[in-house]
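Student: I would like to learn how to read the packing of two helices, and after that the empty spaces inside a protein. Could we work through an example together?

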Amino acid sequence: MAVGTCAISSDDVIVKSPTDRRLYRFIQLPNGLCALLVHDPEIYSGEPSGDGKTEDEDEEEDEDDEEDDEYSEEEEEGSDEDDDEDDETEEVKKGPTQKKAAAAMCVGIGSFSDPYEAQGLAHFLEHMLFMGSTDFPDENEVTQGQSNVVWPRDPIVKGLAPPQGKLVEIMYDSYLSKHGGSSNAYTETEHTCYHFEVKREFLKGALTRFSQFFSSPLVKAEAMEREVLAVDSEFNQVLQNDSCRLQQLQCHTSAPGHPFNRFFWGSKKSLADAVEKGVDLRERILKLYHDSYHGGSMKLVVIGGEPLEELESWVVELFSSVKKGLQAKPEMGLDISIWRTGKLYWLEAVKDVHVLDLSWILPSLRKDYMKKAEDYLAHLLGHEGRGSIHFLLKARGWVTSISAGVSDEGMHRSSIAYIFGMSIHLTDDGLENIFEIIGFIYQYIKLLHQDSPQEWIFKELQDIGHMEFRFAEEQPQDDYAAELAANLLVFPPEHVIYGDYAYEVWDAEMIKYILEFFNPGNMRADILTKSLKKSHDIQQEPWFGSRYLEEDIPLHLMELWKDPPKIDSSLHLPSKNDFIPCDFSLRVEKESCQSTDSASPRCILDEPYMKLWYKADQTFKLPRANTYFRITLKGGCSNMRNALLTELFILLLKDELNEIIYQASVAKLESSVSLYGDKLELKLYGFNDKLSVLLSKVLATVKSFLPKDDRFRVVKEDMERSLRNTNMKPLSHASYLRLQVLCQSFWDADEKLCLLNDLSIADLRAFVPELLSQLYIEGLCHGNLLEEEAHRLSEIFKGNFFAQPLPYDFRHKETVMCLPSSADLVRYVKVKNKLETNSVVELYFQIEPEEGTTLIKLKALTDLFDEIVEEPLFNQLRTKEQLGYVVDCSPRVTYRILGFCFRVQSSEYDPVHLQGRIENFINSLEELLNGLDHDSFENYRNGLMGKLLEKDPSLSYETNRYWGQIVDKRYMFDLSENEAEELKDIKKEDIIEWYRTYLRQPSPKCRRLAIHVWGCNTDQKDADTQTGAQVIKDLEEFKKLSQYYPSLC
């Protein structure tokens, strides 16, 4: 193929931070494709690792080097939160030089382009695009079916597990997996993004394969049926997700013919129904591809360590064959109203929640990104300080939280319109005062009309944006590539980085213009609640099956809200933010080399009352610091009553601190207050200039805090609701049940709820003095801090707390059950949500305690086993047997007791069948392990070593890794390097011996616990067919008779 040239090439166009060492070049090919080339000098800051073979040589190799995120979890008792199991993930990434290369392609076509008769087509095309290409036709080249693709995470379901299908069995993913890489993709409303990362020296080989999808994909007909099932599996996982149900209701009730009036997900029904109606899906996919996948709609980003000239030559060579085309100009506008006005929609929630969601339609403001008028209004309407809507409504006991603004989701931020939303979480009393709450919001909007836009407020936002841009922290390479590629579709090339931070133009008239759209005639109101009114007019949204009511808002209220007769005296504009930093100097430049030249944190204070670790940052050199503390409280979880009272105290304390920590967070000095057992965890992190000021204010509040009766009632109600929502998701329910068996002092959520009802404010007030009478504090100060500054932070603690030191023997220590030799246990329950179709099996194998001289070797063996078997497991149970949507395995570290877990979630099969298939796979592993040749084994081992030695992308990643060691009481800050070194001596025979010892019956060290969560469509009577295993029927009695390991942390 003849190599083309660039129509445009410029090194000077991109505005970047002065601290950004990367070099950028913007190019445009004659076919219209625009590309941003990024030279990252840290990618090849040392000698290249790996064999450096050419792509042709490497193609001959058969083995995979898997790169799925290895993790080990330290699991805390507090895992009864439905959305957060409190399984703390220990970062293993470490190393001085290693960094990956990455690339991303965003194509300017998304779900808004779905034909009405084949909804979900754009998403389906994203799945089908990887079904081989003209130059690389074999979609199943992966040896033993192993690869490491992570499938799409759609914007409307961020945070959910990505869908996975047989798409993993393709040449592209085989190459990435072989070379420590991974890929991802997502479909938005107006664009589709594909991105990958790979070991630095294999970037061109990956780009070669990647480029083919955009010039000559095959879209194989024989792959379509299984990919319809993959799309459907993805959809089935969110059928019970409240936020997804709300968004789909908003789509369903939008105007016919409007792009919002779609089902973006796609499902078996939407796609199969299209076929039944005579739609040729493959023909439609190819038409969508040929109409939209051309140079003019494509934005490419390539991040590598090679010189820009070399990266440019690769892009010209590989992407010049993309079809020529011009970027399409959006033809849509605001000529069609999105929603009917004056309506109130009541949507039945899955969880026990009350959420008022208000939306106002704004014109698309993409071209006005330098003014950010919508962000100015979001700052004020979502503010939480004195004078705000939040402060007023919280004082009345009506709300627990408010968020406001134009979200980053494509439906809310498109070329058609911007949707400004307010999401207000209500108390029971708040639900009874919906219209009053809306009335107060319109009072504040009237205040904004009366008090003309304030330039000083804009200037604060401008200063914050500038400092964030100037001192931006790096993110993982593939995420950065995807972000830049998406930004190329929105911003001009020069502002592809700066556009999100830019507050360049103060335009008071623009703010006034946008404010005019905040009127009741332009408002949509939704209420998401479990307490749906009884009515004969209940309707059903067709895709999710959600029940909802549509009501008219009384006309007199619509008129009242247009011009409220008065504004509550407590509403006013916020005060100036004292937390905005002024000093951005780097402390390390002032400190002597001796005190800062430490590769790991040093203990600089070790007293009966406090232990403090310190490390100055010499790597990232930004004016940021992270300070983490755990304060052990006396008797905080010695029994269930104490545990509940402690939790109530911490929640009330957070409530009291909210105004302070909110102001700091606006200035990018973040805080978190959490409870782990009897330990209050306080984290302050961000720009370091005002960090000591924030700590002083927080601890002064703690010292003087007395719980108030009115806030006690609100917080207790919210805690009750949280407990009722526990275990609504089958995956988190299964982990909860496993931890409930393993952890000696695990408090059951239902029992906590019963006891909570009896607790009063008097009980709490009597309890707190004893709780704070003795304390022990352990902390870490890391970043742009001098050692004396870290000592001063410790003095702030001492100056605010006058408690006695809490002796070691009085600190709570969690103990974990030691499963008996050859244990084969099972525990099963029905799903908590009676409409949840998914079943889950977790099969947990207990290994050994993490202690002594064998700790590192045992961890290395476990991690390497995971590296080898994860993809064969996925390929067999997910791809071939189609058991379910979630199929995975991983190490589990429960208070430093090492284990290994296999997990399957399915809406098609019951837990007995699922466990049988997991066991069949485990029993087949000996053949797989014995069949690994030397080169294959080396690939896996080197891949794991590469991950362990990967460079932390930011200070936060590094801090979290250090903090994990402190929390676990290991203090092995170089654990990742030691494990990588240990791996050098591990042989295939060691892995086989580990497998035979811990995972194969009848080995006495094969000790396993199966958790079965039965979906609503399964018959739990079939649980009786479980043979051989001991069923745990009386958990309390079982735990009383069990043995426990000595506590390690």
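Student: Which residues of helix 21 meet helix 23?

Tutor: In this predicted model, Lys716, Met719, Glu720, Leu723 and Arg724 of helix 21 are in contact with Ala749, Lys752, Leu753 and Leu756 of helix 23. Sorted by class, that contact holds five nonpolar and four charged residues, with no polar ones.

Student: How is the arrangement of two such helices described?

Tutor: In general, one gives the angle between the two axes together with the distance between those axes. Here helix 21 (residues 709–725) and helix 23 (residues 749–756) pack at an angle of about 155 degrees, and their axes lie 9 Å apart. Angles over 145 degrees count as roughly antiparallel, and helix 21 and helix 23 are therefore roughly antiparallel to each other. Their crossing is left-handed.

Student: Turning to enclosed space, how many cavities of 30 Å³ or more does a search of the whole structure find?

Tutor: The search finds eight, and the second largest cavity contains about 80 Å³ of space. Its lining includes Ile631, Leu653, Val673 and Phe801, and by class the lining has twelve nonpolar residues, with no polar and no charged ones. Helix 20 provides the largest share of that lining, three residues.

Student: What classes of residue line the second largest pocket?

Tutor: That pocket, with a volume of about 400 Å³, is lined by 21 residues, of which Gln240, Val350, Lys530, Asn833 and Leu835 are the closest to its centre. The lining divides into six nonpolar, six polar and nine charged residues.

Key
Residues are numbered from 1 along each chain as its sequence is written. This is a predicted model: local features need pLDDT of at least 70, side-chain atom pairs count only at pLDDT 80 or more; totals for chains, interfaces and linings use all residues. Side-chain values use heavy atoms; hydrogens and water are left out. On a 1 Å grid over the protein atoms alone, a cavity is a set of points where a 1.4 Å probe fits but cannot get out, and a pocket is an open set with protein on both sides within 12 Å along at least five of seven lines; lining residues have an atom within 4 Å of a point. Grid points are joined across faces, edges and corners, and a volume is the space filled by probe spheres set on the points. Ala, Val, Leu, Ile, Met, Phe, Trp, Tyr, Cys and Pro count as nonpolar, Asp, Glu, Lys and Arg as charged, and the others, Gly among them, as polar. Helices (H or I, at least four residues) and strands (E, at least two) are DSSP runs, numbered from the N terminus. Axes are lines fitted to C-alpha atoms, for helices over the stretch in contact, and angles run from 0 to 180 degrees between N-to-C directions. Angles under 35 degrees count as roughly parallel, over 145 as roughly antiparallel, 65 to 115 as roughly perpendicular and the rest as oblique. A crossing is left-handed if the near helix is turned anticlockwise from the far one by less than a right angle, and right-handed if clockwise. Contact means heavy atoms within 4.5 Å.
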